[in-house]
Amino acid sequence: DLAVPYREAGGWTSAELPYKGNQLTAYAILPPTGSTCADVTGATLTALTTGPSRQQTSLQMPSLDLAQPHDLLDPLQTLGLPTNGDYSGLGPQADSINTVIQKVLLKVDRKGTEAAAATGIGATLSCGHVGPPHSLVLDRPSLLVIQDTKTGTPLFLTRVSDPTA
C-alpha cells in the first residue's frame, strides 16, 4: 500500500502519483460502482486532476505492462487528412499516404513508469506503510492519466479493463 493524495468528484475517485522532479503526475482514476470508464466527463476529469488535495488514501494498484497499436489512417481521414498530395517530405516522389500506425507502450510498477509512443507513416511513391483511514483499491476497470504538471496537458490516458490480467 502506498499513501497518496486523493480527490473525489461525483462518485469518482482519483489517487495522485507525483513523479520525481514534479514535472509529471499520474492519476489513477476509479469510477463509481455501476459506472464505466466511458462515463467520465471533462469536468469530472478536471476536478480529479487539478487543485490542491489535503486528503490521503492508501492505494493498492496492480502493475501494468501494456502495448497497443492503433491504426490512425481512417480517423485522420475523417478529420480531413487528404491521402493524396505532395508528401515529398516523407520521401522522394511520395504522393499518397496509405498507412498511419501508432504504437503506445506503458509500464507501471513500484519502481516507476515507462511510457512511449511512436507513430509511423507509410507513403506510396509515384515511382514505385501504515496507511490513512481511507483506502482506494483499483480492483475493477479504472483509468490512468499521466499529465504534465506545468501545463496540465494529459500525455497518456489508458483504461485498464481487467486489473487482474
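This is a short conversation about reading a sheet and two pockets in a predicted model.

Trainee: Let's begin with the sheet. In what order do the seven strands stand, and is the sheet open?

Mentor: Reading across, the order is S8-S4-S1-S2-S3-S9-S10, and the sheet is indeed open, with mixed pairing. Look next for strands that pair on one side only: these edge strands are S8 (135-137) and S10 (154-160).

Trainee: How are neighbouring strands turned against each other?

Mentor: On average by 30 degrees, with direction ignored.

Trainee: Could we zoom in on one pair? In what sense do S1 and S4 pair?

Mentor: Strand S1 (residues 2-9) and strand S4 (residues 56-60) run antiparallel, and four bridges link them. To find your place in the viewer, go to Val4, which has Thr57 of S4 opposite.

Trainee: Which strands does helix H1 touch?

Mentor: Helix H1 (residues 42-49) packs on the sheet and touches S1, strand S2 (12-18), strand S3 (24-30) and strand S9 (142-148). The helix direction makes about 145 degrees with that of S1.

Trainee: Now the pockets. How does one look for empty space?

Mentor: The general idea is to roll a probe the size of a water molecule over the atoms, which shows where empty space is left. In this model, the largest pocket has a volume of about 430 Å³.

Trainee: Which residues lie nearest the centre of the largest pocket?

Mentor: Those are Leu2, Leu17, Met61, Asp109 and Arg110, out of 17 lining residues. By class, the lining holds nine nonpolar, four polar and four charged residues.

Trainee: And which elements supply at least two residues of that lining?

Mentor: S1, S2, S4, strand S6 (94-109) and strand S7 (112-125) each do. S2 gives the largest share, three residues.

Trainee: What is the volume of the second largest pocket?

Mentor: The second largest pocket holds about 240 Å³ of space. Its lining includes Leu66, His70, Val104, Leu106, Phe156 and Arg159.

Trainee: Which elements give two or more residues to this second lining?

Mentor: They are strand S5 (64-71), S6 and S10. The largest share, five residues, comes from S10, which you met earlier as an edge strand of the sheet.

Trainee: How does the lining of the second largest pocket divide by class?

Mentor: Eight of the residues are nonpolar, three are polar and one is charged. As you turn the model, keep S6 in view: this strand supplies at least two residues to the lining of the largest pocket and two or more to that of the second largest.

Key
Residues are numbered from 1 along each chain as its sequence is written. This is a predicted model: local features need pLDDT of at least 70, side-chain atom pairs count only at pLDDT 80 or more; totals for chains, interfaces and linings use all residues. Side-chain values use heavy atoms; hydrogens and water are left out. Two strands pair if DSSP finds at least two bridges between them. Axes are lines fitted to C-alpha atoms, for helices over the stretch in contact, and angles run from 0 to 180 degrees between N-to-C directions. Contact means heavy atoms within 4.5 Å. On a 1 Å grid over the protein atoms alone, a cavity is a set of points where a 1.4 Å probe fits but cannot get out, and a pocket is an open set with protein on both sides within 12 Å along at least five of seven lines; lining residues have an atom within 4 Å of a point. Grid points are joined across faces, edges and corners, and a volume is the space filled by probe spheres set on the points. Ala, Val, Leu, Ile, Met, Phe, Trp, Tyr, Cys and Pro count as nonpolar, Asp, Glu, Lys and Arg as charged, and the others, Gly among them, as polar.
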